[in-house]
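Thank you all for making the time this morning. I would like to walk through one protein with you, and I will ask you to keep its sequence and its structure in view while I talk.

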Amino acid sequence: MGSGSSKPEEHTFNADSPVRFSQKVIDSLQKAPESDRTRAQNTELKIQSRVNEELTRIRDAGAKKLSDYTSSLTTNPPAPGSAAPTNPTASHDPNTLAAHLSSPFYQDHSAG
């Protein structure tokens, strides 16, 4: 922005070794509107666009995974009037965390 000149650039092609091109080829190269700078800018824009597409794809995939994980961790309370658990002894199993926490012998040592 502002660093380039508004005048068209003039290109002169000089060979280090003897190379023969027709005058028509030389003229077309010198009249070409695309310079090394514009080719580099176009390449940079294509790369930025590709990176942006990939980052968007990765972000969307991550958001979907997060949504899937969140929904798999979310518990839904049983609807009122729903049937009792299929295994009635499961709620009275003394090895469950709920049974341990509701035990009169449980003491919370995390406070304090």
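Let me begin with a definition, since I will lean on it throughout: a residue is called buried when its relative accessible area is under 20%, exposed when that value is over 50%, and partly exposed in between. With a relative accessible area of 39%, L29 is therefore partly exposed. What you have in front of you is a predicted model, and I will come back to the confidence values before I finish.

As for the overall architecture, the protein has three helices and zero strands, so that reading along the sequence gives the pattern α-α-α. How much of this protein counts as buried? Of its 112 residues, 2% do. The accessible surface comes to about 10900 Å², and carbon and sulfur atoms account for 57% of that surface.

Let me stay with L29 for a moment, which is found in helix α1, covering residues 23-31. Together with V19, F21 and V25, L29 forms a nonpolar patch on the surface, and the four residues have about 340 Å² of accessible area together.

I turn now to the charged side chains, where the count comes to five salt bridges, and I will take you through some of them. In one of these, the side chains of R39 and D36 meet with a distance of 2.3 Å from N to O. These two residues are three apart in helix α2, which spans residues 36-73, and they are thus separated by about one helical turn. D36 counts as exposed at 60% relative accessibility, whereas R39, with a relative accessible area of 36%, is partly exposed.

Further along, E54 forms a salt bridge with R57, and there the closest N and O atoms are 3.0 Å apart. Both E54 and R57 lie in helix α2, again three residues apart, or about one turn of the helix. E54 is partly exposed, at 30% relative accessibility. Which residues are linked with E54 in a network of salt bridges? They are R50 and R57.

Another salt bridge joins the side chains of R59 and D60, at 3.4 Å from N to O. Of this pair, R59 is exposed, its relative accessible area being 54%, while D60 is partly exposed, with a value of 41%.

Finally, I promised a word on confidence. The mean pLDDT of the protein is 77, and 71% of its residues reach 70 or more. Among the elements, helix α2 has the highest mean pLDDT, at 92, and helix α3, residues 97-101, has the lowest, at 76. Where pLDDT is low, the predicted coordinates should not be read in detail.

With that caution in mind, let me close with A99, which is found in helix α3. A99 is partly exposed, with a relative accessible area of 25%. If we leave aside its neighbours within four places in sequence, A99 is in contact with D93 and P94.

Note on methods. Residues numbered from 1 in each chain as written. Predicted model: local features only at pLDDT ≥ 70, side-chain atom pairs only at ≥ 80, totals over all residues. Heavy atoms only, no water. Helix = DSSP H or I, 4+ residues; strand = E, 2+ residues; numbered from the N terminus. Buried < 20%, exposed > 50% of the residue type's maximum accessible area, 1.4 Å probe, protein only. Areas by Shrake-Rupley, 256 points an atom, 1.4 Å probe, with all protein chains shown as cover. Patch = residues over 30% accessible without salt bridge, like charges linked within 9 Å, V, L, I, M, F, W, Y side chains within 5 Å. pLDDT = per-residue confidence, 0-100. Contact = heavy atoms within 4.5 Å.
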